[in-house]
Amino acid sequence: MHLMYFTEQPMSAYPKEEGDRYGYTALLFPNKFFDAAEGSRLYNERLEEYRLVEEVGYDGIMLNEHHTAPFCMQAKINICAAILAAITKRVKIVLLGNPLPIADNPVRLAEELAMIDMISKGRLVSGFVRGGGVESLQANANPAFNRERFEEAHDLIVKTWTTPGPWRWEGNHYQLRVVNPWALPLQKPHPRIWIPGVSSRETIVWSAQHRYPYIALNLPIEESKNVWKIYDQVAKESGYEAGPTERGYLIRCHVAETEEKAIRNAREFMWMQGEFTGLTHPVWAAPSGYLGPWARRAMAELRAGYTHVRGANASLERQMQNLTLIAGTPKTVVEKLRIIMEETRPGILALYGNDGRINHEDSKTCIRLTGQEVLPALREIGKSLGLDSPFDVNTPVSLAYSGVQPPKPSASAAAAS
Amino acid sequence: MSFTESSHDVAGGKIQLLKDGSGPPVVVFHHDIGNPGWLPYYMELAEDHTVYVPSHPGYGKSERPEWARNVRDIACLYQRLLKDLGLNSTAVVGLGFGGWIAAEMATMCHHEFTHMVLVNAMGIQPTRGEIIDQFLISTLDYVRAGFADQQKFADLYKERPDVDQLVQWEINREMTTRIAWKPYMFNQAMPHLIKTVTVPTLVVWGKHNRVVPLSCGERYQQLMPRAKLEIIEGNHYLEVEKHHELARLTKSFLAGK
């Protein structure tokens, strides 16, 4: 098992009532509600918590990036990763991930990531994402070309890491006169690439075609199973058998000394109005062209207000019931996590421990209790279920390094395009 | 009278064309929300003109040119369509976004148009105000923003537009995203190029246009050597809400009066 810690790093000092008043907490939610003094405190508290994460035995720290929203203060994932590279010694630094389409120069990202890999002495996992619609809008990166830019930027970064320069790149969306960076990753052939997602078929297929582990973000168990069905099928068509080493799962999981306190704090996942519980704006979340034609009709109805997002306002109780949110003492959360592990068989498990206004002390308590009492139990369960991580069995970093024939275009790929 | 519909292959993609009337040709380029059908404005023009209304490549029933990246690409495709139709000397009317396309075409081929009518045209950066950013609001809100009288919107699209209409708007908006995302709704070269266009031009603006500010109309008029500006009561979709008045202005201008 690879067990990692995650938090969105919320700007929890923002006034929630203002978010309710505006009806949204992203993009056009005014940044006058950001308090830099509180921001400074929160950034530093998070760094102290990350040190504790390593100390109590987690294998990794997962980071993500969002923009123009209080639910995530990471405006540049690579900055936090660089800090972690210097202040931690052992944990993997798992970026899930850099939003590629909003980058105008992917080679610069490749350089930054190489620096993080070298400074951390080879502890980088470099995940990539498409970024949400809000990321496209705030960066003014064309959402209609989001997927094309994602794939081309990925190809360019991997080539930058693996093909000695200088060379020239004349792509569809990126053109670079000279690619020849002097910062290259320590890990060879290149750092591992993991791809997080919320069940978009195209991304699952693409990940499987590359043999990149797919990290299912807080999906209900049944939806996760559908993800693995698609992934496993594409893997087979691509010439390999997928298993726990290709499966990751992120679950909100807050641990406290008592059930009551854990559930009280878990309400903060709702308060924050973040990715999984937030006020989503149907136009901004997926601008026209961001999703494929398959989504056009449903999105048109949603944007016009004819329909509403399913389960967007599910209660805490409902979310706890369907195991998309777990809270409790170490004993109770282990039993619930066991169900998830048995049902979905991930080799990579991210525990999203803290959110909202859960204070620094309670955050540290959650991290400590999880590290001391939950992780050892999960390792045992993982062992008994054969849930190996990519590190446990040293899987190749991608299909290209797997020694199998390059995949032919599959029926699944054609269906997704 | 009933219009005819045809399909024309240009650069490997089909362009849908509606046509009616007889007399000197006038080509109407529609808004970014697409052409809602054969409008009363077209009918009035068709009383003494042959009226051509193509759907822009990537809009309506016209196929999407996946490679197109800007409005000038669309203008180039339309140059070829006009050549194929034998329209070497024609009047043009550009409505909103279609006005931008017409202006681009005029900068490319100065002798092709006999007259140009730019109605609430995009394509030039406003000096005062901003072109409303459709990508921050729903298409429904965007379309409604261009109507002074919401009843007129309901008459054309229904109070609650059909889902098929929403989907068509979505397809059109995707194409607008592909070709007009940045800079949004204008070409930085336009002020420099449009100065060279000597085609007699009528710029018509809705006094209360909430989509494209009047400063865009004033700029077109000031920069073009043979342009005049008419400001009428109304918002963005003058061809719907003020079709009699717009048709009268258009026909009078095309007749050289």
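Is A:His281 buried or exposed, and how many other C-beta atoms lie within 10 Å? In the predicted model described here, A:His281 is buried, because 21 other C-beta atoms lie within 10 Å and a residue counts as buried from 20 such atoms upwards. The residue is placed in the loop that runs between α9 (259-271) and α10 (282-285) of chain A. When the neighbours within four places in sequence are left aside, A:His281 is in contact with A:Tyr24 and A:Ala26. A:Trp294, by comparison, stands 13 residues from A:His281 in sequence, and the two C-alpha atoms are 20 Å apart in space.

Two further loop residues of chain A were examined for their backbone angles. A:Gln9, in the loop between β1 (2-7) and α1 (16-22) of chain A, has a phi near 55°, which is a positive value in a residue other than glycine. A phi near 55° is also found for A:Asn140, likewise a residue other than glycine, and this residue belongs to the loop between α5 and α6 of chain A. As to their surroundings, A:Gln9 is buried, because 23 other C-beta atoms lie within 10 Å, whereas A:Asn140 is exposed, with 12 other C-beta atoms within 10 Å, a residue being counted as exposed at 12 or fewer.

Helix α6 of chain A, which covers residues 146-162, has 17 residues. From its first C-alpha to its last this helix reaches 24 Å, close to the 24 Å expected at 1.5 Å a residue. The buried residues of α6(A) include the aromatic side chains of A:Phe150 and A:Trp161, together with A:Ala153, A:Leu156, A:Ile157 and A:Val158. A:Asn146, A:Arg147, A:Arg149 and A:Thr160 are also among the buried residues of α6(A). What covers these buried residues includes the helices α4 (106-119), α5 (133-139) and α7 (201-210) of chain A, as well as the strands β5 (167-170) and β6 (175-179) of chain A. In the loop between α6 and β5 of chain A lies A:Pro166, and the peptide bond that leads from A:Gly165 to A:Pro166 is cis, with omega near 0°.

A cis peptide bond is present in chain B as well, where the bond from B:Lys182 to B:Pro183 has omega near -10°. B:Pro183 is placed in the loop between α6 (163-180) and α7 (190-193) of chain B.

Chain B as a whole has 10 helices and 8 strands. Its radius of gyration is 16 Å, close to the 18 Å that the globule rule gives for 257 residues, so chain B is as compact as a globular protein of that length. Taken along the principal axes, the C-alpha atoms of chain B fill a box of roughly 45 × 40 × 35 Å. Of the 257 residues of chain B, 53% count as buried, and among the contacts in this chain with a separation of 6 or more, 74% are accounted for by residues 24 or more positions apart.

In chain B an open sheet of 8 strands, with mixed pairing, follows the order β1-β2-β4-β3-β5-β6-β7-β8. At the edges stand β1 (4-10) and β8 (227-232) of chain B, each with a single partner strand, so that one side of each is left without a neighbour in the sheet. From one strand to the next the twist averages 20°. Within this arrangement, strand β2 (residues 13-21) and strand β4 (residues 50-54) of chain B pair in the antiparallel sense over 5 bridges, and B:Lys19 stands opposite B:Tyr52 in β4(B). Helix α2 (residues 71-84) of chain B packs on the sheet, where it touches β1, β2, β4 and β5 (90-95) of chain B, and its direction makes about 120° with that of β1(B). Helix α10 (residues 243-254) of chain B also packs on the sheet, touching β3 (25-29), β5, β6 (113-119), β7 (201-206) and β8 of chain B, with a direction that makes about 155° with that of β6(B).

The contact between the two chains takes 15 residues from chain A and 16 residues from chain B. On the side of chain A that touches chain B, helix α11 (residues 296-303) of chain A gives the most, with 5 residues. The residues of this side of chain A divide into 7 nonpolar, 4 polar and 4 charged.

Conventions:
Residues are numbered from 1 along each chain as its sequence is written. Chains are lettered from A and ligands numbered from 1 in the order in which they are written. This is a predicted model: local features need pLDDT of at least 70, side-chain atom pairs count only at pLDDT 80 or more; totals for chains, interfaces and linings use all residues. Helices (H or I, at least four residues) and strands (E, at least two) are DSSP runs, numbered from the N terminus. The expected span of a helix is 1.5 Å times one less than its number of residues. Two residues are in contact if their C-beta atoms, placed from the backbone, lie within 7 Å. Ala, Val, Leu, Ile, Met, Phe, Trp, Tyr, Cys and Pro count as nonpolar, Asp, Glu, Lys and Arg as charged, and the others, Gly among them, as polar. Two strands pair if DSSP finds at least two bridges between them. Axes are lines fitted to C-alpha atoms, for helices over the stretch in contact, and angles run from 0 to 180 degrees between N-to-C directions. The radius of gyration is taken over C-alpha atoms; the globule rule is 2.2 Å times the number of residues to the power 0.38.
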